[in-house]
Amino acid sequence: MKTTFYGQSTFMLEAGGKKLLFDPFITPNPAAKDIDIHSLKPDYILVSHGHGDHVADLIEIQKSSGAVIICIAEIANWLGKHGINNAHGMNIGGGFDFDFGRVKMVNAIHSSTMPDGSPGGNPAGFVLYLDGKTIYYAGDTALTYDMKLLADENLDWAYLPIGDNYTMGVDDAIKATGFINCKNVIGMHYDTFPVIVIDKKEAEAKFIKAGINIKMPELGESVDL
């Protein structure tokens, strides 16, 4: 199983014989200008919430790949109004068995509005059970006590936002690892905009001091999970 970073919170996870793309925000990101979104060809696209830096390329990639979109029910309805009916709507606390594994939608503390101003339902994270591993994708979120509900999931890896300002920062993300009982972390949602630029060396040192295996991949870099 491997994951590839495409900037901000956009990752491809290859598992269960399928390609899962999270929160596609590529073409508006100057750092990702060399990535051809039409070459990605995911089988599924998982969307945590409706903000532009998570859905900017959603419709274009779906149309070029035919991917199934997994998202909150309100975003599925919004997609239907834009001519995309290949969306699997879910809601917080619910789970579903797909052909690659199981997905459970979990709480995130944030906001969610679609780029055109339409309501995007509640923000969410995902717990994925696939290829014998359990992966948590937190989406955009603050530190929340609800994360303690994941402590018994035996998480193998967690994607956590660390950029601060719009989401939790490094210190709260370290606290989150204790709540979720997971020592393997992939950092996301940092450095894309001036207000979320971080000192990566300082962040890495803090995670290591806390006994956490932190990965902050370069754009286009893959990490084995």
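## Aromatic pairs, cores and a buried proline

Phe96 is partly exposed, with a relative accessible area of 36%. That value, like the others here, comes from a predicted model. Its partner in an aromatic pair is Phe98, which is buried at a relative accessible area of 12%. The rings of Phe96 and Phe98 meet edge-to-face.

A pair between Tyr145 and Phe179 is also edge-to-face, because its planes stand at 70°. This one links distant parts of the chain: Tyr145 belongs to the loop between β10 and β11, while Phe179 sits in helix α4, 34 residues apart. Here are the two pairs side by side.

| Pair | Centre to centre | Angle between planes |
|---|---|---|
| Phe96 and Phe98 | 4.9 Å | 65° |
| Tyr145 and Phe179 | 5.4 Å | 70° |

Tyr145 is exposed, with a relative accessible area of 61%, whereas Phe179 counts as buried at 17%. Phe179 has a charged companion too: Lys148 lies over the face of its ring, 4.7 Å from the ring centre. In total there are 11 aromatic pairs, and ring pairs also join Phe5, Phe11, Phe22, Tyr137 and Tyr159 into a cluster.

Let's stay with helix α4, which spans residues 170-180. Along with Phe179, its buried residues are Val170, Ala173, Ile174, Ala176, Thr177 and Ile180. Their cover includes strands β10, β11 and β12, as well as helix α5. After α4 comes Asn181, with a positive phi near 60°.

Strand β11 covers residues 157-161 and holds Pro161. Is Pro161 buried or exposed? Its relative accessibility is 0%, so Pro161 counts as buried. Beyond its sequence neighbours, Pro161 is in contact with residues including Ala173, Met168, Met188 and His189. The C-alpha atoms of Pro161 and Ser9 are 7.9 Å apart, although 152 residues separate them along the chain.

Now for the nonpolar cores. Nonpolar side chains tend to be buried together in soluble globular proteins. In this model the largest nonpolar core has 49 residues, and those touching the most other members are Leu20, Leu46, Ile70, Phe100, Val103, Leu128 and Tyr159. Leu128 is in contact with Leu20, Leu46, Phe100 and Val103, among others further off in sequence. A second, separate core of 26 residues includes Val127, Met168, Ile174 and Ile198.

Finally, the cysteines: how many disulfides does the whole structure contain? The search finds zero. Cys71 counts as buried because its relative accessibility is 0%, and Cys182 is likewise buried, at 1%.

Terms used. Residues are numbered from 1 along each chain as its sequence is written. This is a predicted model: local features need pLDDT of at least 70, side-chain atom pairs count only at pLDDT 80 or more; totals for chains, interfaces and linings use all residues. Side-chain values use heavy atoms; hydrogens and water are left out. A disulfide is a pair of cysteine sulfur atoms within 2.5 Å. Buried means under 20% relative accessible area, exposed over 50%, partly exposed in between (1.4 Å probe, protein chains only). A nonpolar core is a set of buried Ala, Val, Leu, Ile, Met, Phe, Trp, Tyr and Cys residues joined through side-chain atoms within 4.5 Å. Contact means heavy atoms within 4.5 Å. Helices (H or I, at least four residues) and strands (E, at least two) are DSSP runs, numbered from the N terminus. Rings of Phe, Tyr and Trp (its six-membered ring) pair if their centres lie within 6.5 Å; planes under 30 degrees apart count as stacked, over 60 as edge-to-face and the rest as tilted. A charge sits over a ring if NZ of Lys or CZ of Arg is within 6 Å of the ring centre and within 35 degrees of the ring normal. Lists of a residue's contacts leave out its neighbours within four places in sequence.
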